[in-house]
Amino acid sequence: MEKERKRGLRRGEELAAADTHASEVRAVSVAFGGVRALTDVSTSVSAREIVAVIGPNGAGKTTLLNAICGLVRKSGGKVSHYGVDVTNTHPTRIARAGLGRSFQDPRLIDSMTVIENVLCGTHATVGYSLLDQIARRRKVGKKEHAARTEARDLLQLFGLGQFAEVRAQQLAYGQRKMVDIVRATIARPSVLLLDEPSSGLDVAERARVEGMLAMIHREFHIPMLVVEHHMDLVRAVSGRVLALVSGSVAIEGPTDDVLDSDEFRATMAGDTSLYEPKVATPDA
Ligand SMILES: Nc1ncnc2c1ncn2[C@@H]1O[C@H](COP(=O)(O)OP(=O)(O)O)[C@@H](O)[C@H]1O
Ligand SMILES: [Mg+2]
């Protein structure tokens with residue numbers, strides 16, 4: 001694990017040294033029929049940076065992540081990953097190129113154990129599919145063993161080790177969200193996109209997710225674009241904020257500057273989703 005961590009760290013440092021944007025979006029527009037979900041959105045995530053994407057429901061935050069990882073068709077603009085144009089690249093190829101992603105509703109396979117779900121995250125980089133694994137079990141045995149050890153180590157690192165052999169269907173919602181983050185992290189993506197990692201969680205779980213993001217950044221130096229509604233978490237982990245309103249960039253800047261600005265208060269006034277946890281907490 002130590003060796004693996006060093007590898008992740010070196011990779012992050014190399015990319016930082018290259019001084020390119022990890023992900024760059026230039027004048028991207030996305031439309032669904034008559035709905036303009038994004039209009040001329042430009043932003044970037046640099047190596048070593050955590051950028052928070054905030055904004056009311058329906059502002060286009062998820063669509064922005066989908067545009068970056070190739071899940072929606074752009075009607076205009078350009079997306080690049082470490083300087084390589086991926087505007088029209090298939091999502092699988094973008095994932096293989098090092099882009100990791102978690103979803104607002106964790107996409108775990110219920111019938112599989114936690115460790116098997118985490119291992120699904122390695123396939124983009126290990127270079128063989130689940131079917132290949134079954135067909136060539138002996139050949140991939142060694143790789144599989146190393147990947148399993150790493151998955152176990154990573155779950156341990158995030159305090160989820162005791163769930164390794166538990167079936168995903170037995171997990172509580174918060175645990176599913178955390179396992180989904182581990183799944184997205186195991187391949188050491190060169191950019192990580194997280195869609196509302198703390199939505200639906202209570203205060204204690206939110207603090208754990210905050211710890212996970214801080215650790216991923218500190219240990220693996222993975223740049224992140226994090227869609228987030230909780231401003232305490234945004235303030236704790238991000239260095240820069242991008243506020244979207246109705247599919248356009250309303251405000252962008254250093255986190256504290258944005259969150260303390262009158263412009264932010266005016267723009268986001270009345271959007272309680274930015275402040276209130278979506279699930280009642282025991283102490284609420
Ligand atoms: N697959 C889709 N088909 C049609 N409309 C969509 C689709 N995805 C998103 N939209 C619309 O695009 C807008 C932005 O949605 P979304 O990116 O999910 O917002 P957010 O994540 O900020 O809540 C909304 O009006 C939403 O209804
Ligand atoms: Mg969304």
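Glu196 lies in the loop between β7 and α9 (203-220). In this predicted model, the phi of Glu196 is near 50 degrees, a positive value in a residue other than glycine. Is Glu196 buried or exposed? Glu196 has 21 C-beta neighbours inside 10 Å, so it counts as buried.

Arg188 makes a matching case. Its place is the loop between α8 (173-185) and β7 (191-195). The phi of Arg188 is also positive, near 50 degrees, and the residue is not glycine. Arg188 counts as buried because 23 C-beta neighbours fall inside 10 Å.

Further positive phi values come up below. The table collects them by residue and place.

| Residue | Place | Phi |
|---|---|---|
| Arg188 | loop between α8 and β7 | near 50 degrees |
| Glu196 | loop between β7 and α9 | near 50 degrees |
| Tyr82 | turn of the β4 and β5 hairpin | about 50 degrees |
| Gly70 | following α2 | near 85 degrees |

**The six-strand sheet**

β7 belongs to an open sheet of 6 strands. The order is β6-β7-β8-β3-β9-β10, and the pairing is mixed. Which strands stand at the edges? They are β6 (99-102) and β10 (248-254). Each has a single partner strand, so one side of each is left without a neighbour in the sheet. Neighbouring strands here are turned by 15 degrees against each other on average, direction ignored.

β6 and β7 run parallel and pair over 4 bridges. Within this pair, Gly100 stands opposite Leu192 in β7. α8 packs on the sheet and touches both β6 and β7. The direction of α8 makes about 170 degrees with that of β6.

**The four-strand sheet**

A second open sheet has 4 strands, in the order β2-β1-β4-β5. Its pairing is antiparallel. The edges are β2 (35-46) and β5 (84-85). Each of these has one partner strand, so one side of each lacks a neighbour in the sheet.

Strand β1 (residues 21-32) and strand β4 (residues 76-81) are antiparallel and joined by 5 bridges. Two facing pairs can be picked out. Val25 stands opposite Val79 in β4. Ser29 faces Gly76 in β4.

β4 also pairs with β5 in the antiparallel sense, over 2 bridges. His81 stands opposite Val84 in β5. The two strands form a hairpin with 2 residues between them. Tyr82 sits in that turn, with a positive phi of about 50 degrees.

**Helix α2 and its surroundings**

Helix α2 (residues 61-68) lies across β1, β2 and β4. It runs at about 115 degrees to β1. How many residues of α2 are buried? The count is 8 of the 8, so α2 is largely enclosed by the rest of the structure. Among the buried residues are Lys61, Asn66 and Ile68. Gly70 follows α2 and has a positive phi, near 85 degrees.

Ahead of the helix, Pro56 is found in the loop between β3 (50-54) and α2. Pro56 counts as buried because it has 20 C-beta neighbours inside 10 Å. In sequence, Pro56 and Ser246 are 190 residues apart. In space they are 8.3 Å apart, C-alpha to C-alpha.

**The ligand shell**

Which residues surround ligand 1? They are Phe32, Val35, Ala37, Gly55, Asn57, Gly58, Ala59, Gly60, Lys61, Thr62 and Thr63. β2 and α2 each supply at least two residues of this shell. α2 gives the most, with 3 residues. By type, the shell divides into 4 nonpolar, 6 polar and 1 charged.

**The nonpolar core**

In soluble globular proteins, nonpolar side chains tend to be buried together. Here, the largest nonpolar core has 73 residues. Which members touch the most others? They are Val53, Ala67, Val118, Leu155, Val182, Leu193 and Val226. One of them, Ala67, is also among the buried residues of α2.

Val118 can be followed further. Leaving out residues up to four places away in sequence, Val118 touches Ala151, Leu154, Leu155, Val179, Val182, Arg183 and Ile186. Among these contacts, Leu155 and Val182 are themselves core members that touch the most other members.

Notes: Residues numbered from 1 in each chain as written. Chains lettered and ligands numbered in written order. Predicted model: local features only at pLDDT ≥ 70, side-chain atom pairs only at ≥ 80, totals over all residues. Core = buried A, V, L, I, M, F, W, Y, C linked by C-beta atoms within 7 Å. Buried ≥ 20, exposed ≤ 12 C-beta atoms within 10 Å, placed from the backbone. Contact = placed C-beta atoms within 7 Å. Pairing = 2+ DSSP bridges. Axes fitted to C-alpha atoms, helices over the stretch in contact; angles between N-to-C directions. Near = placed C-beta within 6 Å. Nonpolar A, V, L, I, M, F, W, Y, C, P; charged D, E, K, R; others polar.
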